[in-house]
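This briefing sets out how the strands and helices of one model are arranged. Please keep the sequence and the structure in view while reading.

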Amino acid sequence: SLPFLDLTISIAGEILLTYIHYKPTDSHGYLDYSSSHPASCKDSTPYYQFLRLRRIGSQDEVFHTRASEMSSFFRERGFPSPIIDEARTRVSSIPRNTALSPHPSHSQ
């Protein structure tokens with residue numbers, strides 16, 4: 001396996017596998033929920049970070065493992081469990097191919 005930027009690439013037979021890579025110095029210092037940022041900014045952060053995991057990870061099992069890990073990072077930063085759980089559930093239902101497709105409003 002080979003870490004590259006924020007992902008790790010490995011080969012299994014003839015298949016390339018990818019998953020999120022955290023550098024040893026990564027503090028997982030996501031926005032603290034008690035910050036003065038707008039609620040919409042704070043509430044959308046878990047969704048977009050889970051979506052990032054979905055796009056990077058080539059296997060569902062790895063996505064679910066890493067999403068569980070990321071959930072704990074958000075809980076440590078004071079995010080309410082319902083916001084984390086809803087975001088994780090929403091992203092879990094998105095197939096990776098769909099997550100990788102450009103959003104219709106962005107492709108012109």
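The points below treat the sheet and then the helices. The model is predicted. It contains an open sheet of three strands, and helix H1 (residues 39–56) lies across two of them, E2 and E3. Helix H1 also packs with helix H2 (residues 60–76), their axes coming within 9 Å, and H2 in turn packs with helix H3 (residues 81–92).

**The sheet**

- The strands of the open sheet follow the order E1-E2-E3, and their pairing is antiparallel.
- Strand E1 (2–4) and strand E3 (15–20) are at the edges; each has a single partner strand, so one side of each has no neighbour in the sheet.
- From one strand to the next, the twist averages 30°.
- Three bridges join E1 to strand E2 (residues 7–12) in the antiparallel sense.
- Phe4 has Leu7, in E2, as its bridge partner.

**Helix H1 against the sheet**

- Helix H1 lies across E2 and E3, and runs at about 160° to E3.

**Helix H1 with helix H2**

- The axes of H1 and H2 cross at roughly 150°.
- Because angles over 145 degrees count as roughly antiparallel, H1 is described as roughly antiparallel to H2.
- The crossing in which H1 passes H2 is right-handed.
- On the H1 side, the contact is made by Thr45, Pro46, Gln49, Phe50, Arg52, Leu53 and Arg54.
- On the H2 side, the contact is made by Asp60, Phe63, Arg66, Ala67, Met70, Ser71 and Phe74.
- Sorted by class, the contact of H1 with H2 has seven nonpolar, three polar and four charged residues.

**Helix H2 with helix H3**

- The axes of H2 and H3 are 10 Å apart, and the two helices pack at an angle of about 160°.
- This angle makes H2 roughly antiparallel to H3.
- H2 passes H3 in a crossing that is right-handed.
- From H2, the residues that meet H3 are Phe63, His64, Ala67, Ser68, Ser71, Phe74 and Arg75.
- From H3, the residues that meet H2 are Ser81, Ile84, Asp85, Arg88, Val91 and Ser92.
- The contact of H2 with H3 divides into five nonpolar, five polar and three charged residues.

**Residues of H2 in both contacts**

- Phe63, Ala67, Ser71 and Phe74 of H2 take part in the contact with H1 and also meet residues of H3.

Key. Residues are numbered from 1 along each chain as its sequence is written. This is a predicted model: local features need pLDDT of at least 70, side-chain atom pairs count only at pLDDT 80 or more; totals for chains, interfaces and linings use all residues. Side-chain values use heavy atoms; hydrogens and water are left out. Two strands pair if DSSP finds at least two bridges between them. Helices (H or I, at least four residues) and strands (E, at least two) are DSSP runs, numbered from the N terminus. Axes are lines fitted to C-alpha atoms, for helices over the stretch in contact, and angles run from 0 to 180 degrees between N-to-C directions. Contact means heavy atoms within 4.5 Å. Angles under 35 degrees count as roughly parallel, over 145 as roughly antiparallel, 65 to 115 as roughly perpendicular and the rest as oblique. A crossing is left-handed if the near helix is turned anticlockwise from the far one by less than a right angle, and right-handed if clockwise. Ala, Val, Leu, Ile, Met, Phe, Trp, Tyr, Cys and Pro count as nonpolar, Asp, Glu, Lys and Arg as charged, and the others, Gly among them, as polar.
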